[in-house]
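Colleague: I've got a model open and I'm a bit lost. Could you walk me through it with some questions and answers?

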Amino acid sequence: MEQRVLPYLLLLPATLFLCVFFIYPFLLVAWQAFSEGGSFTLEHFQTMAGHWKFSTAFWNTMLLALAVVPVQIALALLMATLVTRMGSGRDLILYIWTIPLGISDLAAGIIWLAIFEQTGFLNSMLAGLGIIEQPITWLSYQNKSTIFLAVVLAEIWRATAIVLVILVAGMGLIPKEYYEAAEVFGAGPWKRFVRITLPMLRPSLQTALILRTILAFEVFAVVMALGGTNLPVLMGETYVWQFDLQDRNVAAAYALVILGISIAFTLVFLRTLRVPREAQP
Amino acid sequence: MAEISIRNVAKRFGDFTALDSIDLTVADREFMVLLGASGCGKTTLLRIIAGLETPSEGEVWIGSRRVDHLPPRQRGIAMVFQNYAVFPHLTVFENIAFGLRMQKLPEAEIKRRVGRTAELMHIGQLLKRYSGQLSGGQRQRVAVARAMAMEPDVILMDEPLSNLDALLRLEMRAELKGVLAESKTTTIYVTHDQVEAMSLADRIAVMDKGRIVQAERPIEVYRNPAARFVGSFIGNPPMNFLPARKADNGAWRVAGVTFEGPASERDEIAFAIRPEDLAPADDGLPAEVRVVEPLGPHMLVTCDVEGQLFRAVLDSDIDLSRGDLLRLAPAPERIRWFDPETEQSLRMH
């Protein structure tokens, strides 16, 4: 009897926590998005989608994720390979590379603002080298592509380390013998990477991709710091509707859209990067 | 032609000398077993030949090429690893085909070779499975098939049977011997199991503390150990050793019995005899029985000869019990002598 009840008893605190702090607020938000005066309505979604900024914000968010995440994965793979091969000093390099993780996203945005603003480091440097005579306003509303680029750079700088940490841990789990076997049987460094590292790293790549993509859809503070409202993104619009336009219902609808995209992409990654049970080590 | 020649190879890890000036030549198509206790350097030597480890000094030649500066993939070798290293994310077919794909062989040739080696190793029905769906013995077969499919000049095997249970090991041992005898490869095989070494090898290289103590045919190694270590390591139970003191006329006294022996400057040398080369006789060495272990075809008798542990393998129809006094005569042609200082064998003139 006790044996049967015990597992549920142990699960209870976590379940309660989830219910109170996640599921209940989520249901509230969902209800807010779908209701008006106590009855079901799609009106808020229509307001959201009908606003001229919605599709811009949607596509900006998507394009940002598309530009940032693949570069981060590629970069993290390269860095993880380097770190894994290092002997001494490996931990030091890893710590240095993960420093940006400890900086909040708003602070990271401000750091890059200091580089790109009119009196920033980039302009002083270019002027110092004599390349430009007048400072360039990189982040003006006329220069949307440079704002976009600046956000991409800042995001890569800020959040590649989390992918790196996941991949380094994953690479550490691949037994050395597989590499030795591959080497003996004719695989050079690139072939070993493609035929051994990548396939055996699939679970870690999956985790990293899901985590990074979800975070990329929630990009906010860096965009705010560098572009203000010149580069609308979904999370920014949620903020605007909630606090500037004081319309909680439309803000809730935005939140649900972000949630929906996140779930959709997570499902895609879960499916495409699944390791079949029989092929698991 | 794939003669392997190891010339003055040494390997040091910091202060520790894993291999000390190894010289060894393995003839084309020879089956050479590196035998020794764990930590003797046998796996390090194999890994140096494979290219997975670089020697601190010395040269490795395969055929007419010096290979010690080449990466493993350019050495024309295949290897079977102790833990098999069968890739978990590939099917059995793709595992066996791995090396062939790296050589970019045509698909038809890959199919033919995989099919043939899989058939040879009796895993033809498992080609679509993954490593996780195989038993230890089947994984072992895949690892061997992957090596055989390369049709390499040289196959290196690192304790390939040590992770199998006893029965399977016996079966695989016989099978490996058959398969490798038919192929035309030179094989270097590392093991700590002397029975495996005896049964498989054309020649056994016995290693101890980073050196090759003796490299000869199994029966030579067994009958004429080059050093005391070889006699005490090979044979189950191992050789018996007793001190022999110098007597008149170049003879030696062992436990009160006089034997003809080798010439030596020393006053005391070591007398050695294998347990199965003893028989009860009136003029033998005086022995007090300590333990009697009947083993079916014969019995193992552990005795005390002049305070030394002494084992004899005797006919099981002799009636013996603890405390009995017995005289054990060694077969004269099987007696061996060792120098107590150098531990090397002393030959009769």
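Modeller: Sure, but one term comes up straight away: a residue counts as buried if 20 or more other C-beta atoms lie within 10 Å of its own. Also keep in mind that this is a predicted model.

Colleague: Then why does I62(B) count as buried?

Modeller: I62(B) sits in strand 4 of chain B, residues 57-62. The cut-off is 20 or more other C-beta atoms within 10 Å. I62(B) is buried because its count of C-beta neighbours inside 10 Å is 23.

Colleague: Leaving aside neighbours within four places in sequence, which residues is I62(B) in contact with?

Modeller: For contact, the C-beta atoms of two residues have to lie within 7 Å. Once the neighbours within four places in sequence are set aside, the partners of I62(B) are A2(B), I4(B), V67(B), R75(B), G76(B), D153(B) and V154(B).

Colleague: And how far apart in space are I62(B) and A201(B)?

Modeller: Along the sequence, 139 residues separate I62(B) from A201(B). In space, going C-alpha to C-alpha, the distance between them is 20 Å.

Colleague: Let's try helix 2 of chain B. What covers its buried residues?

Modeller: Start with who is buried in helix 2 of chain B: V92(B), N95(B), I96(B), A97(B), F98(B), G99(B) and L100(B). The cover over these buried residues includes, from chain B, strand 6, helix 3 (107-120) and helix 4 (136-149).

Colleague: Which residue just after helix 2 of chain B takes a positive phi?

Modeller: Look just past the end of helix 2 of chain B. A phi of about 55° turns up there, and the residue that takes it is K104(B).

Colleague: Now the two chains. How many nonpolar residues are on the side of chain B that touches chain A?

Modeller: The contact takes 17 residues from chain A and 21 from chain B. On the chain B side, strand 6 (77-80) and helix 2 (92-102) each supply at least two residues. By class, that side of chain B has one charged residue, six polar ones and, for the nonpolar class, 14.

Colleague: Chain B has domains too, right? How far apart are the C-alpha centres of domain 1 and domain 2 of chain B?

Modeller: The domain assignment of chain B puts domain 1 at 4-232 and domain 2 at 237-346. Their contact takes eight residues from domain 1 of chain B and 10 residues from domain 2 of chain B. Between the C-alpha centres of these two domains of chain B, the distance is 38 Å.

Colleague: Last one: what percentage of chain A is buried?

Modeller: Chain A has 13 helices and two strands. Out of the 281 residues in chain A, the buried ones make up 29%.

Note on methods
Residues are numbered from 1 along each chain as its sequence is written. Chains are lettered from A and ligands numbered from 1 in the order in which they are written. This is a predicted model: local features need pLDDT of at least 70, side-chain atom pairs count only at pLDDT 80 or more; totals for chains, interfaces and linings use all residues. Helices (H or I, at least four residues) and strands (E, at least two) are DSSP runs, numbered from the N terminus. A residue is buried if 20 or more other C-beta atoms lie within 10 Å of its own, exposed if 12 or fewer, and partly exposed in between; C-beta atoms are placed from the backbone. Domain bounds come from an automatic or database domain assignment. Ala, Val, Leu, Ile, Met, Phe, Trp, Tyr, Cys and Pro count as nonpolar, Asp, Glu, Lys and Arg as charged, and the others, Gly among them, as polar.
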